[in-house]
Structures are given as structure tokens and as C-alpha cells.
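Visitor: I have a chain here that I would like to go through with you. Could you bring it up, please?

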Amino acid sequence: MSNHSHLNEISIQAADFNLADEVFLLEKHNVIDGAIVTFTGRVRNHNNGNSVTTLTLEHYPGMTEKSLAKIIIQAKERWDIGRVKVIHRIGELSIGDQIVFVGVTSKHRQDAFAANEFIMDYLKVKAPFWKKEKVIDAGQASENWLAAKNSDTDKAELWS
């Protein structure tokens, strides 16, 4: 097994993930990469001035994985990175639940940081996920499908 075994793993799952386990897999038998950068996104308790109670995520099976694989390929073309792991959860999530994990290894921290941020930025606007929030606004419960934020689209365009 080469030390730089190119782990490109994408997982779309309802189950939670363990951050320590994911970091261990990025490090295991990987003596060539000195940098590991991870990002974990969680469900927060508010959005657009409303109190959020749950967040439901849906996706387009097959298309979502292809979209994420393409993003990883683009990152590998731009930076000298080794292993990449992306986990995105689906289904109904509660406040504080983990939604997304992006882990990147590289020989150097600059590449790992940049590639991780690029993958996350593109995932937010290019991967076919749909988010529905249950919120309480002025005492009234409602459900809203969320569109991609302009700020996320603008951030992703900065990489062009």
C-alpha cells in the first residue's frame, strides 16, 4: 500500500459520524502528509432571524455523489493534496447535529486549508442538496425550503 493511498471517499448518509474516527482514517498509514485540515458543519438554532427547530436535508441519489466527486477532482487539480473525505448527512436533523464533514490531507498546510475551503464552498452551491427548515417566527411554526444564499454563491465564484 502506498503511503499516500489516495482516499477519495464520499458518503451521503442519515447516520451521524464520529470526528475522531474520521481524522484517524485520514492519518492511518499516511506518513507523507504533514497537514490535516477538517471542517465540520452543524445545525444552528437560528437562521434569517427565526428560531430553527429542525433541518431536513434531501438529495438526488447518484447525481449528488457525482457532483461531489467532480468537486474533489477540481481540488486535486488545483492543489497538491492527498486524502479527501466528504460526509454529508440527509434526513431530519436537530439543533447541534453534525451535517457535513470535509477532511483533506496534504504535505503542506496551505494546500490543505485552501482545498478544504474550496470543497466546502463548492459543495454549498454545486451539490444537489435541498434543505427544509422548521422554524418558529413570532410564535408561529412553519416550514421553509431554503435557496442557496447569495453570499455562498459569491464565495464560490471567488475561486473562479
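Guide: The conversation below goes from the whole chain to one helix and then to single residues. Please bear in mind that this is a predicted model.

Visitor: How many helices and strands are there in the chain?

Guide: The chain contains 4 helices and 9 strands. Read from the N terminus, their order is β-α-β-β-β-α-β-β-β-α-β-β-α.

Visitor: What radius of gyration does the chain have, and what would a compact globule give?

Guide: The chain has 17 Å, and a compact globule of 160 residues would have a value near 15 Å, so the two agree. Along the principal axes, the C-alpha atoms fill a box of roughly 55 × 35 × 30 Å.

Visitor: And what share of the residues counts as buried?

Guide: Of the 160 residues, 42% count as buried. The area that the chain exposes is about 8800 Å², with 51% of it supplied by carbon and sulfur atoms.

Visitor: How many positive and negative side chains are there?

Guide: There are 19 positive and 21 negative side chains, and the centres of the two sets lie 2 Å apart.

Visitor: What about contacts between residues at least 6 apart in sequence: what percentage join residues at least 24 apart?

Guide: The figure is 77% for this chain.

Visitor: Let us turn to helix α3. How many residues has it, and how far does it reach?

Guide: Helix α3 covers residues 109–126, which is 18 residues. From its first C-alpha to its last it reaches 25 Å, close to the 26 Å expected at 1.5 Å a residue.

Visitor: Which residues of α3 are buried?

Guide: They are D111, A112, A114, A115, N116, F118, I119, M120, D121, Y122 and L123. As general background, an α-helix has 3.6 residues a turn, so residues three or four places apart point the same way.

Visitor: Which elements do the buried residues of α3 pack against?

Guide: Their partners are the strands β2 (35–42), β5 (81–89) and β7 (98–106), together with the helices α2 (63–78) and α4 (150–157).

Visitor: K124 lies in α3 too. Why does K124 count as partly exposed?

Guide: K124 has a relative accessible area of 34%, and the partly exposed class runs from 20% to 50%. Leaving aside neighbours within four places in sequence, K124 is in contact with K131 and D152.

Visitor: Moving on to A35 in strand β2: buried or exposed?

Guide: A35 is buried, because its relative accessible area is 8% and the limit is under 20%.

Visitor: What does A35 touch, beyond residues up to four places away in sequence?

Guide: A35 touches V104, T105, S106, K107, H108, R109 and A112. One of these, A112, is also among the buried residues of α3.

Visitor: Where is N45?

Guide: N45 is in the loop between β2 and β3 (46–47). With 46% relative accessibility, N45 counts as partly exposed. Apart from neighbours within four places in sequence, N45 has contacts with N50, S51, V52 and I95.

Visitor: How far apart in space are K124 and N45?

Guide: They are 19 Å apart, C-alpha to C-alpha, and 79 residues apart in sequence.

Visitor: One last point: what is the phi of H29?

Guide: H29 has a positive phi of about 55°, although it is not a glycine. Most residues other than glycine have a negative phi. The place of H29 is in the loop between α1 (19–27) and β2.

Terms used:
Residues numbered from 1 in each chain as written. Predicted model: local features only at pLDDT ≥ 70, side-chain atom pairs only at ≥ 80, totals over all residues. Heavy atoms only, no water. Helix = DSSP H or I, 4+ residues; strand = E, 2+ residues; numbered from the N terminus. Rg over C-alpha atoms; globule rule 2.2 N^0.38 Å. Buried < 20%, exposed > 50% of the residue type's maximum accessible area, 1.4 Å probe, protein only. Contact = heavy atoms within 4.5 Å. Areas by Shrake-Rupley, 256 points an atom, 1.4 Å probe, with all protein chains shown as cover. Lys, Arg positive; Asp, Glu negative; His and termini not counted. Charge placed at Lys NZ, Arg CZ, Asp CG, Glu CD. Expected span 1.5 Å × (residues − 1).
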